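Let's take a walk through this chain together, moving from one local detail out to the wider fold and back again. Keep the view open as you read.

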Amino acid sequence: MQRGSDRLSRHRDDEMKHELQGLLRSGHPTRSEEWNDPEPTADDDPQVWGGPVAPGSEGASLETVRLELARLLGRSSFPATPVELARVLRRKNAPDALVEAVEERPRKETYSNVQELARALTRTGDTP
């Protein structure tokens, strides 16, 4: 039973399925629609594709930790204490290693931006 809530007709749906059929079957980018291909990574992009970024782990530089924190926290989370930041990270389903590293910071410290927090986290991760 058709309820009439579709924005497109049944014929347009079939037409759109036919247009995407080659892309869906091939599993790789098609040459006819270059705009639809994913953009390759740049040489200077941080490598966050390798898994969760945690301070002190292999490949966790200041830039990668800062990028991951900025992606999760945003500007509205600052200024804040480690307890408040850990609460926000848990709410946004951040990796446990990252949340634990933030929770290990002294409770009385206050961070005014992501850069300060990333520096503090990578500094503690680098020292033996």
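A good place to start is P79, which sits in the loop between helix 2 and helix 3. What you are looking at is a predicted model, and in it F78 and P79 are joined by a cis peptide bond, with omega at about -5°. That is worth a pause, because most peptide bonds are trans.

Now step back to the whole chain. The protein chain has five helices and zero strands, so reading from the N terminus the order is simply α-α-α-α-α. Of its 128 residues, 27% count as buried. Among contacts with a separation of 6 or more, 50% are accounted for by residues 24 or more positions apart.

Next, look at the two helices on either side of the P79 loop. Two packed helices can be described by the angle between their axes and by the distance between those axes. Here helix 2, residues 62-73, packs against helix 3, residues 82-91, at an angle of about 75°, and the axes are 9 Å apart. Because angles from 65 to 115 degrees count as roughly perpendicular, helix 2 is roughly perpendicular to helix 3. Which residues in helix 2 and helix 3 meet? From helix 2 come L69, L72 and L73, and they meet L85, V88 and L89 of helix 3. Sorted by class, this contact has six nonpolar residues, no polar ones and no charged ones.

Some of these leucines lead us to the core. In soluble globular proteins, nonpolar side chains tend to be buried together. The largest nonpolar core in this model has 22 residues, and the members that touch the most others are L69, L73, F78, L85, L89, L117 and L121. Notice F78 in that list; F78 is also the residue joined to P79 by the cis bond. Helix 2, helix 3, helix 4 (96-103) and helix 5 (114-126) are the elements that give two or more residues to this core, and helix 5 supplies the largest share, with five residues. For a closer view, select L69: leaving out residues up to four places away in sequence, L69 touches G74, L89, L98, V114, L117, A118 and L121.

Two threonines deserve a look as well. T64 belongs to helix 2 and counts as buried because its relative accessibility is 5%, below the 20% cut-off. A polar atom of the T64 side chain lies 2.9 Å from the backbone nitrogen of S61. T122, in helix 5, also counts as buried, at 9% relative accessibility. Where does the side chain of T122 reach? It comes to 2.9 Å from the backbone oxygen of A118, while the backbone oxygen of R119 lies 3.3 Å from a polar atom of the T122 side chain. Setting aside neighbours within four places in sequence, T122 is in contact with A60, S61, L62 and V65. S61 therefore appears in both accounts, as a contact of T122 and as the residue whose backbone nitrogen lies by the T64 side chain.

Finally, turn to the loop between helix 3 and helix 4, where you will find N93. Is N93 buried or exposed? With a relative accessible area of 69%, N93 is exposed. Most residues other than glycine have a negative phi, yet N93, which is not a glycine, has a positive phi of about 60°.

Terms used:
Residues numbered from 1 in each chain as written. Predicted model: local features only at pLDDT ≥ 70, side-chain atom pairs only at ≥ 80, totals over all residues. Heavy atoms only, no water. Axes fitted to C-alpha atoms, helices over the stretch in contact; angles between N-to-C directions. Helix = DSSP H or I, 4+ residues; strand = E, 2+ residues; numbered from the N terminus. Parallel < 35°, antiparallel > 145°, perpendicular 65-115°, else oblique. Contact = heavy atoms within 4.5 Å. Nonpolar A, V, L, I, M, F, W, Y, C, P; charged D, E, K, R; others polar. Core = buried A, V, L, I, M, F, W, Y, C linked by side-chain atoms within 4.5 Å. Buried < 20%, exposed > 50% of the residue type's maximum accessible area, 1.4 Å probe, protein only. Polar contact = N/O pair within 3.5 Å; in protein donor to acceptor, adjacent residues only side chain to side chain.
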